[in-house]
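Here are some worked exercises for you. Try each one with the model open, then read the solution.

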Amino acid sequence: AVLSTTGNGDDGVKPWDQHWSFYIGVSAPCVIGLILANVLSKFAKLEDPEIVTLSVECCYQNVGIATSAVLAMFDDKDEI
């Protein structure tokens with residue numbers, strides 16, 4: 001989201017000026033991924049620090065990079 005707000009000064013898509021369904025769509029992969037990563041890592045009998053590491057990698061880093069890329073690629077609010 002930060003990458004999409006730093007640009008050349010044109011009137012691009014603003015992440016804070018979206019319909020509520022946009023926020024559900026953006027947060028759903030993080031929440032679902034966090035739940036799945038925790039459940040699967042518990043079944044794999046990983047230690048607590050490993051569970052946290054797996055959850056952060058699967059849910060926040062990868063999804064955050066993808067979300068930032070999508071916001072940076074589209075300039076029209078209707079394309080998102």
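**Exercise 1: a residue in the loop**

Lys 45 sits in the loop between helix 2 and helix 3. Keep in mind that the model is predicted.

Task: work out whether Lys 45 is buried or exposed, and find out what sign its phi has.

Solution.
- Step 1. Start with the cover. Lys 45 has a relative accessibility of 70%. The cut-off for exposed is over 50%, so Lys 45 counts as exposed.
- Step 2. Now check the backbone. Phi of Lys 45 is near 60 degrees, a positive value, and the residue is not a glycine.
- Step 3. Put that in context: most residues other than glycine have a negative phi.
- Step 4. Place it along the chain. Helix 2 comes before Lys 45.

**Exercise 2: the whole chain**

Task: say how many helices and strands the protein has, and what share of its residues count as buried.

Solution.
- Step 1. Count the elements: there are 3 helices and 0 strands. Read from the N terminus, the order is α-α-α.
- Step 2. Look at burial. The protein has 80 residues, and 18% of them count as buried.
- Step 3. Turn to the surface. The accessible surface is about 5900 Å², and carbon and sulfur atoms hold 66% of that.
- Step 4. Finish with the contacts. Take those with a separation of 6 or more: 52% of them join residues 24 or more positions apart.

**Exercise 3: following helix 2**

Task: find where helix 2 bends, and which of its residues are buried.

Solution.
- Step 1. Get the span. Helix 2 has 24 residues and reaches 34 Å from its first C-alpha to its last, close to the 34 Å expected at 1.5 Å a residue.
- Step 2. Trace the axis. There's a bend of about 35 degrees at Ser 27, and a proline, Pro 29, follows within four residues.
- Step 3. Pick out the buried residues of helix 2: Phe 22, Gly 33, Ala 37 and Ser 41.
- Step 4. Recall the helix geometry: an α-helix has 3.6 residues a turn, so residues three or four places apart point the same way.
- Step 5. Now go to the nonpolar patch on the surface. Val 31, Ile 32, Ile 35, Leu 36, Val 39, Leu 40 and Phe 43 form it, and together they have about 710 Å² of accessible area.
- Step 6. Take one of them, Ile 32, which is in helix 2. Its relative accessible area is 49%, so Ile 32 is partly exposed.

**Exercise 4: where helix 2 meets helix 3**

Task: find what Ser 41 is in contact with beyond its neighbours in sequence, and what Ile 51 touches beyond its own.

Solution.
- Step 1. Begin with Ser 41, which lies in helix 2 (residues 20–43). With a relative accessible area of 1%, Ser 41 is buried.
- Step 2. Set aside neighbours within four places in sequence, and Ser 41 is in contact with Leu 46, Ile 51 and Leu 54.
- Step 3. Move over to Ile 51, a residue of helix 3. It's at 6% relative accessibility, so Ile 51 counts as buried.
- Step 4. Leave out residues up to four places away in sequence, and Ile 51 touches Asn 38, Ser 41, Lys 42 and Leu 46.
- Step 5. Add a distance: Ile 51 and Leu 40 are 11 residues apart along the chain, with 9.2 Å between their C-alpha atoms.
- Step 6. Try another pair. Glu 57 lies in helix 3 (residues 48–73), and is 9.6 Å from Leu 34, C-alpha to C-alpha, with their positions 23 residues apart in sequence. Glu 57 counts as partly exposed, at 36% relative accessibility.

**Exercise 5: a charged pair**

Task: find which residue Lys 42 forms a salt bridge with.

Solution.
- Step 1. Start from the principle: side chains of opposite charge can pair when their charged atoms come close.
- Step 2. Search the whole structure, and you find 1 salt bridge.
- Step 3. Name the partner. Lys 42 pairs with Asp 48 in a salt bridge, and their closest N and O atoms are 3.8 Å apart. The cut-off is within 4 Å.
- Step 4. Check the cover: both Lys 42 and Asp 48 are exposed.

Technical notes
Residues are numbered from 1 along each chain as its sequence is written. Side-chain values use heavy atoms; hydrogens and water are left out. Helices (H or I, at least four residues) and strands (E, at least two) are DSSP runs, numbered from the N terminus. Buried means under 20% relative accessible area, exposed over 50%, partly exposed in between (1.4 Å probe, protein chains only). Contact means heavy atoms within 4.5 Å. Patches are made of residues with over 30% relative accessible area and no salt bridge: like charges are joined within 9 Å, nonpolar side chains (Val, Leu, Ile, Met, Phe, Trp, Tyr) within 5 Å. Accessible areas come from the Shrake-Rupley method with a 1.4 Å probe; for residues, only the protein chains shown count as cover. A salt bridge is a side-chain nitrogen of Lys or Arg within 4 Å of a carboxyl oxygen of Asp or Glu. The expected span of a helix is 1.5 Å times one less than its number of residues. The bend at a residue is the angle between axes fitted to the seven residues ending there and the seven starting there.
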